[in-house]
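Q: I have a new model open and would like to learn how to read its cores and pockets. Could we go through them together?

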Amino acid sequence: MCGIIGLCFNKTEELGKLLYKGLQRLEYRGYDSAGIAVLNSGRLFVVKGKGMLRDLEERLKFTEYTGSTGIGHTRWATHGAPSDINAHPHVDCKGFFAVVHNGIIENFDELKKWLINRGHIFASETDSEVIVHLIEEYYRELGDVYEAFKRAIRSLKGAFAILMITPLEENKVFFAKKDSPLIIGLREDYKVLASDIPAILDHTCSVIVLRDYWVGYVTPSRVHIEDLASGKPIDYSTYIRLIEWSIEEASKGGYPHFMIKEIYEQPLALINTITGLRSSREFPLVVKMLVDARRVYVTGAGTSYHAAEFYAIASNTLTGLLTIPFIASEYEAYVNAVRDGDILIAISQSGETMDVLKAVRMFKERGARVVAVSNVVESAIPRESHISLYTRAGPEIGVAATKTFLAQTLLLSWLLVELAEYTGAISSSEHRELVKSLEESPRLVEVSLERSEKTAYELSEVYAEKKSMYYLSRHIGLPIAKEGALKIKEIAYIHAEAYPAGESKHGPIALVESAFPVVFIVPKLVWLEHSTKGNIEEMKARGAKTLGIVCDESPVVSLLDHVITVPCPHWLLTPISHTPPLQLLAYYTAIRKGLDPDRPRNLAKTVTVE
Ligand code: F6R
């Protein structure tokens, strides 16, 4: 969604530059408009507009603004189209208060009507603007900025991370949080607030991850936090954490885009996932929970849903324990069947996706226990789950998920291997073999990348001209096909659909004509390689141009127009061996089309609305 940043500072000269840098780090969360507000010598300056951050900098010169205190926002539009007026920060009628907001105010319509009746004049179409007018309204009544701020926050329904500054209290940034992420970075001499860790790392590794319904303010030397409902101050010392990510990890490190950097970081990401699992106290507990479960559900959104589907197919096949996958936003279709003793595995890279969070809450209400699988420690979904496992893949900034998908599927595979041994579904020698293969997964992804680089680059020239594609597979390859189709759809804007290969003849094949591109994902399962042969023939007979991601010595190689062969130690490692070529294909196709793969249109990295 949107990214917000706040600085309560003493180096007046650098304020604009640091706000701009913070917004650059948060740009992956939204990039249709941006703006800043700064306080300088008792005056409030607001500058904002529609467009990409670097273009806005040329036009509006954020970096030239100086002052002691400032807030900034980079937007992914929800209410109100991207425009100069709808960009944040928003100000009240008199220009005393400036607010940035990430989230959605559900009751903004009724609040807006009430405020208009009381004489407020709205400049934008956003839901967020009601917040600043509410503060103005209550300040008129109460004459105290902090009390007015808190009363305004209490009137809001929905999700929010809010920052507010005012010349009435020049050295403070006021904040409030519910359901949207907000972090305070702590330094002796100043404080920084941001939606996410990468924007804080330029300043400090010491952070407080704020909890829902916390409000307060920071000054350069002090933090005040209280619970909104009780008004009691929070002793935040027990909430201070040291972030292990380095600033290098959160920057491009010589690569032209975050996406390609993160694709090539996958071996390292997997090493870190493995190291994390080895030292995890929670991991064996989760295995035990799964053994005792009445029924297991697994959910996620987008790429994380593909990891969920992978887990379900692998669980049914390897352990014989039925697992039910569902897309997080569809939880209503499943929740009525949930009972005590059920388990929900909730997968989310960011740990903040609202659809997943909603599913977690609903399943908990029905008595399920929830296991979170996330990449971001102490994010909302782990916090609301009973137990959490972390992928530890490092920060993922590219909007398209890459390394975190491999890390998720590795973690989930490991869980299943332990579960399968525990329940006797596999022998201890099979268990040993599988663990060895999982340990070697960093090398596997390295080889897969090496082998696919050239073909992916060459074929991207062909695919860049295409409007539609199919990605076909069976069984454990199907979530990988879906992931490949999602990647090329979201960053190269090619309409791509993934189907079970057997299903393709029941309708989708009608679209296939001369040179129609069809990508086959063929994992190492003898029956699967055999039955896919017929599907390749069916497509070729209609003129399709086929590419296969296949295992060494696969019997389908000779049938395909183009081939990328990868090593396949076991079908369970299919995501590790077969996904990297699909990521490269999508990346290079986007580049050929002159698109920015890190900032695909209409998307945001973290989706904190339903
Ligand atoms: C696809 C992509 C999205 C996310 C989805 C869930 O490349 O990035 O589809 O996978 O929004 O996000 P998380 O995993 O953070 O819950």
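Q: Let me start with one side chain. Which residues does L290 touch, not counting residues up to four places away in sequence?

A: Happy to help, and please keep in mind that this is a predicted model. Leaving out residues up to four places away in sequence, L290 is in contact with V296, Y311, I343, I345, L415 and L419.

Q: How do I go from such contacts to a core?

A: The general idea is this: in soluble globular proteins, nonpolar side chains tend to be buried together. Here, the largest nonpolar core has 103 residues, and L290, Y311, L318, I345, Y471, V519 and L572 are the members that touch the most others. Helix α13, residues 403-422, gives the most to this core, with 12 residues.

Q: Which domains does this core draw at least three residues from?

A: Both domain 2 (252-439) and domain 3 (442-594) supply at least three residues each. The domain assignment also gives a domain 1, covering 3-242. Taken over C-alpha atoms, the centres of domain 1 and domain 3 are 45 Å apart.

Q: Which residues does the second, separate core include?

A: V192, I197, V209 and V376 are among the 31 residues of that second core.

Q: Now the pockets. What is the volume of the largest pocket?

A: About 620 Å³. Of its 31 lining residues, A301, G302, T303, K605 and V607 are the closest to the pocket centre. By class, the lining has 14 nonpolar, 13 polar and four charged residues.

Q: Which element gives the largest share of that lining?

A: That is α9, with five residues. At least two residues come from each of α9 (302-319), β17 (342-348), α11 (354-365), α13 and α16 (478-492). In terms of domains, domain 2 and domain 3 each provide at least three residues of the lining of the largest pocket.

Q: And how much space lies in the second largest pocket?

A: About 430 Å³. Of the 18 residues lining the second largest pocket, those closest to its centre are I243, E244, W245, V377 and R392. Strands β11 (206-209) and β14 (240-242) are the elements that give two or more residues to this lining. Its residues divide into 10 nonpolar, three polar and five charged.

Q: Why does the second largest pocket lie between domain 1 and domain 2?

A: Look at who supplies the lining: the second largest pocket lies between domain 1 (3-242) and domain 2 (252-439) because both give residues to its lining.

Definitions and conventions. Residues numbered from 1 in each chain as written. Predicted model: local features only at pLDDT ≥ 70, side-chain atom pairs only at ≥ 80, totals over all residues. Heavy atoms only, no water. Domains from an automatic or database assignment. Core = buried A, V, L, I, M, F, W, Y, C linked by side-chain atoms within 4.5 Å. Buried < 20%, exposed > 50% of the residue type's maximum accessible area, 1.4 Å probe, protein only. Helix = DSSP H or I, 4+ residues; strand = E, 2+ residues; numbered from the N terminus. Contact = heavy atoms within 4.5 Å. 1 Å grid on protein atoms, 1.4 Å probe; cavity = no way out; pocket = protein on both sides within 12 Å on 5 of 7 lines; lining within 4 Å. Points joined across faces, edges and corners; volume = space filled by probe spheres on them. Nonpolar A, V, L, I, M, F, W, Y, C, P; charged D, E, K, R; others polar.
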